[in-house]
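Me: I've got a structure open and want to check the reasoning behind the labels people put on it. Mind walking me through it?

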Amino acid sequence: MSGERRQLTIERLGHQGDGVAPGPVFVPRSLPGEVVEGVVEAGRMASPRILTPVAERVRPPCRHAKACGGCVLQHAQDDFLASWKVGVVEAALKAQGLEAPILGISTSPPRSRRRAVLAARRLKNGAQIGFHGLKSNTIIEITDCHLIHPKLLAQLDLVGRLTQIGASRKGRLAVTLTLLDGGVDITVSGGRPLERDLFAQLAKLVSGAGVVRLSWEGEPVVAFGAPLLSLGPARVVLPPGAFLQATREGEAALVAAIEQALEGAGKVADLFAGVGTFSLPLAKMAAIHAVESQENMLYALQAGWRGAQGLKPVTIEARDLFRRPLLPDELAQFDAIVLDPPRAGAEAQVVEIASSRVGLLAMVSCNPVTFARDARMLVEAGFTIDWLRVVDQFRWSPHVELVARFVRQGSKSGAKRI
Ligand SMILES: C[S@@+](CC[C@H](N)C(=O)[O-])C[C@H]1O[C@@H](n2cnc3c(N)ncnc32)[C@H](O)[C@@H]1O
């Protein structure tokens, strides 16, 4: 079915970062107030011509911006994007009948992302390395990227050679590069079986190339020293592929906000603790109980704590907090809670917190909609949102993250602004 050519005016940005015109018609790479022209098919104008650009439009700094699916909002000014992201949080709260003082937004700088997942394909003479294109499975070959850290970008040649050796003729590799303290950690999936000759070739390839570890389908192939990641005063050995905050700057903004939110708390439960991004820095001031579903992450956290000096006690517990949240009598021993759930939020845990006597909570979220749903339960149980800070680790994308301080009315914790 061929579409109809139309002229439309963009009214707002949608949750995926597309401009939205009446209909609705979704228009990539457009901004509110712009008049666009193009063919509309199935509610989408895939290749708009911008007839009246607005003042908030900038020339995307990256030469791959148009084709690459990584940065759908690189054509917008930073200030515009910052206030749009704050507005996304306000709108999610409003939909639940809530408001909160928003203290500002911390946006990570360009070239600061410390993890990149590349798609790679073997060619007759070489390899194709890049990101998946906008809403497509095509690999858009990249030679530069304004998002990822230069030390990751410097590994593109090596990823090419690794693809020539390790990809099958028709298959595609997913190559994850993570920047750790001592170099780059590489994990590969979708490759040839790790037989002896491949093992030897890979080990030779990465030796002396600034790589701390190479893992193939989850199996470490080679490690040059320990793959360490500093978290506050401790260093953890990051399990391959384990969650980590997207940028150092974003992690620092989250940790600073949580430390201030929980100032004075002596015993803290860190729920959805991962490898201890918050537990380990917080252990400078409070005893921590870290709860998380992945045992290997908790063991990494515990070993990191053991190797650090001067920290308060840290205990760990492997537990599925969706199915078995901490109950009110377990929560009673803590002065404060940190919650940092996945995108689905922490509904089951928040129900228990609401009916407990916990008075102070710092909640981190990468999904304003589930955050607002959970926040409403807390507010109905007597909490107020003392303040909220937006943390943008995913610049030029529509993702929004935040951290908020909740205080139960009448509890000792009181209001504490940062
Ligand atoms: C957004 S990450 C945060 C991790 C950590 N707070 C950090 O900043 O590095 C969410 C964490 O929740 C864990 N998780 C996911 N589902 C879970 C569940 N049902 N119960 C407990 N932990 C879960 C994941 O393994 C992941 O480590």
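**Ligand first**

Reply: Sure. A polar side-chain atom of E292 sits 2.6 Å from an oxygen atom of the ligand. Keep in mind that this is a predicted model.

Me: What makes that E292 pair a polar contact?

Reply: The cut-off is 3.5 Å between N or O atoms. The E292 side-chain atom is 2.6 Å from the ligand oxygen, so the pair counts as a polar contact.

Me: And which backbone atoms come up against a nitrogen atom of the ligand?

Reply: A polar backbone atom of F272 is 2.9 Å from a ligand nitrogen, and for a polar backbone atom of L321 the distance to a ligand nitrogen is 2.8 Å. Both distances are within 3.5 Å, so these are polar contacts too.

Me: How much of the ligand does the protein bury?

Reply: Taken alone, the ligand exposes 590 Å², and 89% of that is buried by the protein.

Me: What surrounds the ligand, and how does the shell divide?

Reply: There are 18 residues around the ligand, with Q245, T277, E292, D320 and L321 the closest. The shell splits into 9 nonpolar, 5 polar and 4 charged residues.

**On to the sheets**

Me: Why are β11 and β15 called edge strands?

Reply: They belong to an open sheet of 7 strands, ordered β11-β10-β9-β12-β13-β14-β15, with mixed pairing. β11 (139-141) and β15 (219-223) each have a single partner strand, so one side of each has no neighbour in the sheet. From one strand to the next, the twist averages 35 degrees.

Me: How do you know that β13 and β14 are paired?

Reply: Pairing needs at least two bridges. β13 (residues 183-189) and β14 (residues 211-216) have 5, in the parallel sense, so they qualify. One of the bridges links D185 to R213 in β14.

Me: What does helix α4 lie across?

Reply: Helix α4 (residues 196-206) lies across β14 and β15, and it runs at about 160 degrees to β14.

Me: What about the sheet with 8 strands, what is its order?

Reply: That open sheet goes β8-β23-β24-β22-β21-β18-β19-β20, again with mixed pairing. Its edge strands are β8 (102-107) and β20 (314-318), each pairing on one side only. The twist there averages 15 degrees from one strand to the next.

Me: And what makes β18 and β21 a pair?

Reply: At least two bridges are needed, and 4 join β18 (residues 267-271) to β21 (residues 336-339), so they pair. The two strands run parallel, and V268 has A336 as its bridge partner in β21.

Notes: Residues are numbered from 1 along each chain as its sequence is written. This is a predicted model: local features need pLDDT of at least 70, side-chain atom pairs count only at pLDDT 80 or more; totals for chains, interfaces and linings use all residues. Side-chain values use heavy atoms; hydrogens and water are left out. Axes are lines fitted to C-alpha atoms, for helices over the stretch in contact, and angles run from 0 to 180 degrees between N-to-C directions. A residue is near a molecule or strand if one of its heavy atoms lies within 4 Å of it. A polar contact is a pair of N or O atoms within 3.5 Å; within protein, one must be able to donate a hydrogen and the other to accept it, and residues adjacent in sequence count only if both atoms are side-chain atoms. Accessible areas come from the Shrake-Rupley method with a 1.4 Å probe; for residues, only the protein chains shown count as cover. Ala, Val, Leu, Ile, Met, Phe, Trp, Tyr, Cys and Pro count as nonpolar, Asp, Glu, Lys and Arg as charged, and the others, Gly among them, as polar. Contact means heavy atoms within 4.5 Å.
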